Amino acid sequence: MADDSDMERTEPATSKRIERAREQGDVPRSREMATCMVLLIGGCCVWMFSGPLVTSLDRIMVATFTFERAAAYDPVVLFNMLSAHFIDIAIAIIPIAFLMTLAAIASPLILGGWLFNTESLIPKFSKLNPAKGFTNMFSINSLAELLKAVLKTLLVGTVAWLAIKSQIDAVMGLGVESLKTSSQHSAHLLWISFVIIVSSLIFIAILDVPYQIWNYGKKLRMTREEVKKEHKEAEGDPHIKGKIRAMQRAMARRRMMAEVPTADVVVTNPTHYAVALKYAEGKMGAPKVVAKGADDIAAKIRELAREHKVPLLEAPPLARALHTHTEIGDEIPEALYTAVAEVLAYVFQLRTYGQFGGHRPTEPTELQVPKELDPATATKSRAAQRRTMQ
């Protein structure tokens with residue numbers, strides 16, 4: 001399939017793809033680094049505990065090989081003797097065994113981290129497919145692993161041969177040394193050879209870790225169609241999101257319209273804009289905008305205001321300024337306090353007139369709206385400045 005070919009998989013894996021692979025137990029691992037760490041820690045443990053270990057083993061060997069001649073023909077005596085020293089042997093070896101086990105468990109986690117996945121325990125019969133297995137034998141990854149194994153064998157073998165060759169004279173001289181001296185000298189030679197050989201494994205691990213990270217990223221690469229599909233799944237279908245946004249706008253509009261009957265006044269443009277204001281003395285620091293809209297929404301606000309006997313006031317500059325510089329639920333800008341105060345004073349006088357009669361108040365006409373807050377005035381001013389500059 002073209003979509004499954006490496007030529008098509010040109011995009012790096014997304015975080016979601018990496019997380020999905022991790023959930024399936026697929027993380028980068030380096031066997032070379034794990035092997036190197038286990039050998040290094042094992043060698044260090046033997047070196048650290050060599051003194052107590054040798055002392056314990058020496059005491060145990062002396063004790064087990066010291067017995068009467070008759071006991072050599074009695075299996076029960078020999079078994080009891082070995083059983084008595086089993087705990088001593090275990091105590092001498094347990095620290096090294098524990099640290100080696102800990103290293104064997106922890107070293108693979110350096111690359112890829114801790115991962116416990118139950119899916120890895122489920123048998124997958126697809127792995128038993130002979131055709132797929134035959135194909136994997138000749139894959140690029142298998143060839144890379146084969147080449148790495150050959151190079152590792154050659155490198156470690158060469159280093160081991162050089163290490164042993166450099167110590168041949170010292171090894172041959174062990175035969176003329178005393179038992180104690182030769183034991184110490186041979187242990188020293190073994191330790192030097194071990195360090196030299198493990199150092200070659202460190203070199204292999206340093207090369208293998210970047211390769212495993214690169215190979216893991218290459219394996220998880222995606223096609224552009226897969227990336228687009230994943231982004232679409234993450235962000236949602238644009239059509240569905242559009243419907244959801246439309247529903248949210250409709251719900252917000254209904255809530256806004258429900259506030260219109262509670263407003264004190266609706267300031268209009270008179271046809272293009274409508275802004276409903278409400279003020280509760282002692283509860284609000286300044287009048288708030290409870291509804292606003294343009295064109296059809298403005299017409300609906302005016303209709304609801306007439307239906308519920310909310311005063312309408314034509315004040316185009318103020319309506320434009322309020323519509324542009326406020327959002328629903330916001331208090332009016334401080335620069336519009338004076339103009340809105342005149343409007344509310346008119347509304348309260350109108351209520352008094354409706355309750356007690358008398359002289360009908362005059363609608364305010366010369367409201368003080370700063371020019372920079374009125375979109376129409378600001379636009380004309382900028383246009384005039386451009387003409388002046390030309």
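**Entry 1: the annotated spans**

Before reading the record I noted that UniProt positions are given in the numbering used here, and that annotations may be inferred rather than shown by experiment. The model I have open is a predicted one. I looked up the feature "transmembrane region" in UniProt, where the unreviewed entry places it at residues 32-50, 89-116, 146-164 and 189-214. I then checked two of these spans in the model, beginning with residues 32-50, which are 95% helix and 0% strand, with end C-alpha atoms 26 Å apart. For residues 146-164 I found 100% helix and 0% strand, and the end C-alpha atoms of this span lie 27 Å apart.

**Entry 2: aromatic rings**

I searched the whole structure for aromatic pairs, and the search gave three. In one of them, Trp 47 and Trp 191, the ring centres are 6.3 Å apart and the planes stand at 20°; planes under 30 degrees apart count as stacked, so I wrote this pair down as stacked. I also asked myself where the two residues of this pair, Trp 47 and Trp 191, lie. Trp 47 belongs to helix H2 (residues 31-48) and Trp 191 to helix H8 (residues 179-219), so the pair ties together parts that are 144 residues apart in sequence.

Trp 191 has a further partner, because I found that it also forms a stacked aromatic pair with Phe 194, at 5.9 Å centre to centre and 25° between the planes. Both Trp 191 and Phe 194 lie in helix H8, three residues apart, which is about one turn of the helix. I reminded myself that an α-helix has 3.6 residues a turn, so residues three or four places apart point the same way. Taken together, Trp 47, Trp 191 and Phe 194 make up one aromatic cluster.

Are the members of this cluster buried or exposed? Trp 47 has a relative accessible area of 57% and is exposed, whereas Trp 191 is partly exposed at 31%, and Phe 194 is likewise partly exposed at 26%.

**Entry 3: two buried positions in helix H8**

I stayed with helix H8 and picked out Gln 212, which lies in it. At 13% relative accessibility Gln 212 counts as buried, because the cut-off for buried is under 20%. Leaving aside neighbours within four places in sequence, I found Gln 212 in contact with Pro 28, Arg 29, Ser 30, Leu 111, Glu 145 and Lys 148.

Ser 182 is also placed in helix H8, and with a relative accessible area of 12% it is buried. With neighbours within four places again left out, Ser 182 is in contact with Leu 174 and Glu 177. I also looked up Val 171, eleven residues from Ser 182 along the chain, and the C-alpha atoms of the two are separated by 9.3 Å.

**Entry 4: sides of two helices**

For helix H3 (residues 50-64) I compared expected and actual spans: at 1.5 Å a residue its 15 residues should span 21 Å, and the end C-alpha atoms are indeed 21 Å apart, which agrees. Which residues of H3 are buried? They are Leu 53, Ser 56, Ile 60 and Thr 64. These cover an arc of only 70° around the axis, which puts them on the same side of H3, while Val 54 and Thr 55 are exposed on the other side.

I repeated the check on helix H11 (residues 296-307), where twelve residues should span 16 Å at 1.5 Å a residue, and the end C-alpha atoms are 16 Å apart, in agreement. The buried residues of H11 are Ala 298, Ile 301, Arg 302, Leu 304 and Ala 305. Their arc is only 165° around the axis, which puts them on the same side of H11, and the face turned away from that buried side carries the exposed residues Asp 296, Arg 306 and Glu 307. After H11 comes Lys 309, whose phi I noted as positive, near 60°.

**Entry 5: nonpolar cores**

The largest nonpolar core has 23 residues, and those with the most contacts inside it are Leu 277, Leu 318 and Leu 336. I listed the elements that give two or more residues to this core as strand S1 (265-268), strand S2 (273-278), helix H12 (316-325) and helix H13 (337-356), and H13 gives the most, with seven residues.

I followed Leu 318 and, leaving aside its neighbours within four places in sequence, found it in contact with Val 267, Leu 336, Ala 339, Val 340, Val 343, Leu 367 and Val 369. Apart from this largest core lies another, of 14 residues, among them Ala 274, Ala 276, Val 290 and Ile 301. I had already met Ile 301 as one of the buried residues of H11.

Methods:
Residues numbered from 1 in each chain as written. Predicted model: local features only at pLDDT ≥ 70, side-chain atom pairs only at ≥ 80, totals over all residues. Heavy atoms only, no water. Helix = DSSP H or I, 4+ residues; strand = E, 2+ residues; numbered from the N terminus. Phe/Tyr/Trp six-rings, centres within 6.5 Å; stacked < 30°, edge-to-face > 60°. Buried < 20%, exposed > 50% of the residue type's maximum accessible area, 1.4 Å probe, protein only. Core = buried A, V, L, I, M, F, W, Y, C linked by side-chain atoms within 4.5 Å. Contact = heavy atoms within 4.5 Å. Expected span 1.5 Å × (residues − 1). Arc of directions from axis to C-beta.
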